[in-house]
Amino acid sequence: MDNFAPVTPPRAPAGVTARSLARSASASPTQTLAALWRSHGAEPVLLVRTREGRELSRERCRGAEEFMPCCDPDALGGLPNVLYSAGITAQLALSSHLLDVGFPDDWCARHVGYQVGRSLAYANATGFGYGCAETARLAQVLSPYWKWNKRSLFDNPCPDDGGFTAREIEVILLNLMEHVYHVTGHAPSAA
């Protein structure tokens, strides 16, 4: 029996094109994971879904909701703070999927860490099915997301923000969260 099951949504979510879905479907999940493990120098891991992983997945989803930045950068102290919150939100949302499909939490900490782009790649390799180009571009801008925290910005020049506005970031994250709910089956928290 295969240890992970690709999930195909009944409808393509906002930002996902038929071309991106076809491209991600061309390689088997095992081949894609093997390539990612090699390129990131990560140890291969057997994906086994567990009750503990499911609970951690739900907690990460809730955490992503809590860190969701608002579209007013002044409310958070400027665009760098929006990007820092966005990095945390995206990473928590994507790790919700990774934990749900069986990645161990400690493996994610060692091999994914603060790399939002890497998290998105592993998620898509395991059935997440989210080929939104703007989300992928934002994930690269955010990676590693610690570079957007105040301490890092104090010690280093401000990284390239990719030209994103706070409102664009909010929309991308809302769409990502909607997809996470759909794929994991976790319901959004009541507001």
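Is Gly 87 buried or exposed? Select Gly 87 in this predicted model and display the surface of the chain. Gly 87 is buried, with a relative accessible area of 0%. The tour returns to this residue after a view of the whole chain.

**The whole chain**

Colour the model by secondary structure. The chain contains nine helices and zero strands, and the order along the sequence reads α-α-α-α-α-α-α-α-α. Of the 191 residues in the chain, 46% are buried. The exposed area of the chain is about 9700 Å², and carbon and sulfur atoms supply 56% of that area. Among contacts with a separation of 6 or more, 76% join residues that are 24 or more positions apart.

**Gly 87 and its surroundings**

Select Gly 87 again and show the helix to which this residue belongs, α4. Now add Val 116, Leu 142 and Tyr 145: these are the residues in contact with Gly 87 when its neighbours within four places in sequence are left aside. A distance label between the C-alpha atoms of Gly 87 and Val 116 should read 6.8 Å, although the two residues lie 29 residues apart along the chain.

**Helix α4 with helix α6**

Next, select helix α6, residues 116–125, together with α4. What angle do α4 and α6 form where they pack? The angle is about 25°, and the axes are 9 Å apart. An angle under 35 degrees counts as roughly parallel, and α4 and α6 are therefore described as roughly parallel to each other. The crossing of α4 past α6 is left-handed.

Show side chains at this contact. On the α4 side are Gly 87, Ala 90, Gln 91, Leu 94, Ser 95, His 97 and Leu 98, and on the α6 side are Val 116, Ser 119, Leu 120, Tyr 122 and Ala 123. By class, the contact of α4 with α6 has seven nonpolar residues, five polar and no charged.

**Helix α4 with helix α7**

Hide α6 and select residues 133–142, which form helix α7. Here α4 and α7 pack at an angle of about 115°, with their axes 10 Å apart. That angle makes α4 roughly perpendicular to α7. The crossing of α4 past α7 is left-handed.

Which residues make the contact? From α4 they are Leu 83, Ala 86, Gly 87 and Ala 90, and from α7 they are Leu 138, Val 141 and Leu 142. The contact of α4 with α7 comprises six nonpolar residues, one polar and no charged.

**Helix α4 with helix α9**

Now select residues 166–184, helix α9, alongside α4. The axes of α4 and α9 come within 10 Å and cross at roughly 10°. The two helices α4 and α9 are therefore roughly parallel to each other.

Display the residues of this contact in turn. From α4 they include Leu 79, Val 82, Leu 83 and Ala 86, and also His 97 and Asp 100. Among those from α9 are Ala 166, Ile 169, Leu 173, Leu 176 and Met 177. Sorted by class, the contact of α4 with α9 holds 14 nonpolar, four polar and one charged residues.

**A cis peptide bond**

For the last stop, select Ser 143 and Pro 144. What kind of peptide bond joins Ser 143 and Pro 144? The bond is cis, with omega about -20°. Most peptide bonds are trans. Pro 144 is placed in the loop between α7 and α8.

Technical notes
Residues numbered from 1 in each chain as written. Predicted model: local features only at pLDDT ≥ 70, side-chain atom pairs only at ≥ 80, totals over all residues. Heavy atoms only, no water. Helix = DSSP H or I, 4+ residues; strand = E, 2+ residues; numbered from the N terminus. Buried < 20%, exposed > 50% of the residue type's maximum accessible area, 1.4 Å probe, protein only. Contact = heavy atoms within 4.5 Å. Areas by Shrake-Rupley, 256 points an atom, 1.4 Å probe, with all protein chains shown as cover. Axes fitted to C-alpha atoms, helices over the stretch in contact; angles between N-to-C directions. Parallel < 35°, antiparallel > 145°, perpendicular 65-115°, else oblique. Left-handed = near helix turned anticlockwise from the far one by under 90°. Nonpolar A, V, L, I, M, F, W, Y, C, P; charged D, E, K, R; others polar.
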